[in-house]
Amino acid sequence: MVSRSQAVVAAAGVCALAGSFFSKGDFASSLIIWVAVNVLMTASFRFVLLIGELNFAMAGFVGIGAYAAGMATTMYKLPFALSLLLGAAAAGLISLVVGFVTLRAKGPYFLLISFAFTEVLRLIYTRMDVIGGNSGMIGIFPPAYLARFYPTLVVFITIVFLFVLYRLERSAFGKILVAIRNNDELVQTVGIDVHMTKVWCLGIASFVTGVCGALLAHANNVISPGDFSFLVAVYTLAYLKVGGESHILGAVLGAIVLTLLAQYALGFGAYEHIFYGAAIVIGVLVLPDGLYGLLQRMLPGLRRPASPGN
Amino acid sequence: MEPEILLKVEGVSRHFGGLAAVSDLNFEVRRGEILGLIGPNGAGKSTTFNVISGFYKPTRGRLHFAGEDITGRNPAQISRRGLVRTFQHGSLLREMTVYDNILVATISLFRARLERDRRVMETAEMLRLSDHLNEIAGNLPHGLQRMVSIAIAFARRSKLLCLDEPLTGLNQIEVASALAIFRRIRDEFGCTILLVEHNMKAVMEICDRIVVLDHGEFLAEGKPSEISKNEAVISAYLGKRK
């Protein structure tokens, strides 16, 4: 059974693919890629929020994905698909180790640790001459035959991973994640290893984040440590707050709307960051459940009747 | 033949810094009984629960459950061996539906969705929650929230159910109905129940045996009729007779 809202989402996905395919000009293509990558980053940020943790380490894992994929492409001349996979795998695997150590902390403590992780990682990049140090890594191009279709490919990969994250959230595993956010002690009493579940949650999210980093690196062709500061996570938080946390489509909406609006904020120069701060504040004050909540109120058809076993 | 003694608490102590919350505690839970664990505030009942369920490691002593040493196991491992507890203050998933609350308890038991669904339905039926499956647990009235907590624990059909003050805040009718449910859980499903409760009337009514703690130490043990006449217990609760 396909509901009307599912049909609408599928149609929007097809439009995005078609639009990206027929887009002309460098700026339009770049913009489509930024939007798509931001959408996927926001969705993966939200995935860790299912267990109730604000994962500022996400910015760090974008960096790991980008640098790993960049090294694979520029230094080892590996095929593009393999670079992508390596970027994702590097972020995913490292996050499993990081999560195993840090996810015993929660709430503000985990937030601070994940923040520190991102910043330390950024400083490490600046000291590593192999990957270009402060000036970064250059010449990360997708293969020539793909250049024309690259925006379409990015949109396609984004849609695939959005679907995967959505299915995971609806599965028993996803229910456990939300249950952990509600009451982690209780979840332990029903025979579930809460710690390892949280580690896997971060691992899955970071794998997706690694894909984002790899895609971004090949889109921008140049990466430098400054691209992966904690601000990336702050922006993502703004996308999510504006879009709405209760549904994955909130992450999609917020990232699309804010990324497009932010193109105007570029003109603010140093005041650009105020734009994101204001977006978070306005989002929280005016839209308690973000754009998705607003949409839900305007289109009652979107509201899913809760039914057992669904 | 399964052993008669389901849970054996052997010389268990739990210290917090210099404070001995529980010291040298010995008691047994026998298969198929409803055992009450009572004592004045600060007697160490909750600490005992936390040690039994693996949330605290005992400073000294050993725990044997169903013929196996479970000392030092974590809560999830203990739960999978068939010992499930509830919490004094609302052990439920507030943002989730009643259905999902019970479902989460069945996930580590069954792989198939159909089996999980059937178990949720049976459990809801037993706890009289069938009409509330789609409601968000946090929005339910207090009495029903208590039932959801018990449903989560009971959904696992564990050998031993440890209920931490399940009757707090319930009215008389709700207490009577809860006690009837506890009896059915024991009689029809063979679950053993360990009950911490302040409602003395209910404890005296439903328990087969009672263990009394005071100041973290074992004070008395016996049938409800013996306990209610026990001098030491009366003075622990009411102070010494002048």
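How many residues of chain B are in contact with chain A, and how many of chain A with chain B? Here are a few points to follow with the structure open.

1. Please keep in mind that this is a predicted model. To take the opening question: the contact involves 26 residues of chain B and 19 residues of chain A.

2. Now look at which parts of chain B do the touching. Helix H2 (75-80), strand E6 (83-85) and helix H3 (98-106) of chain B each supply at least two residues of the side that touches chain A. Of these, H3(B) gives the most, with 5 residues.

3. What about the chemistry of that side? Sorted by class, the side of chain B that touches chain A has 13 nonpolar, 6 polar and 7 charged residues.

4. Next, try colouring chain B by domain. The domain assignment gives domain 1 (5-82 + 158-238) and domain 2 (95-155), so written because automatic or database assignments set such bounds. The C-alpha centres of domain 1 and domain 2 of chain B lie 24 Å apart.

5. The two domains of chain B also touch: 10 residues of domain 1 are in contact with 9 residues of domain 2. On the domain 1 side, strand E7 (160-164) and helix H6 (172-189) of chain B each supply at least two residues. H6(B) gives the most to this side, with 4 residues.

6. Finally, the class count for the side of domain 1 of chain B that touches domain 2 of chain B is 6 nonpolar, 1 polar and 3 charged residues.

Technical notes:
Residues are numbered from 1 along each chain as its sequence is written. Chains are lettered from A and ligands numbered from 1 in the order in which they are written. This is a predicted model: local features need pLDDT of at least 70, side-chain atom pairs count only at pLDDT 80 or more; totals for chains, interfaces and linings use all residues. Two residues are in contact if their C-beta atoms, placed from the backbone, lie within 7 Å. Ala, Val, Leu, Ile, Met, Phe, Trp, Tyr, Cys and Pro count as nonpolar, Asp, Glu, Lys and Arg as charged, and the others, Gly among them, as polar.
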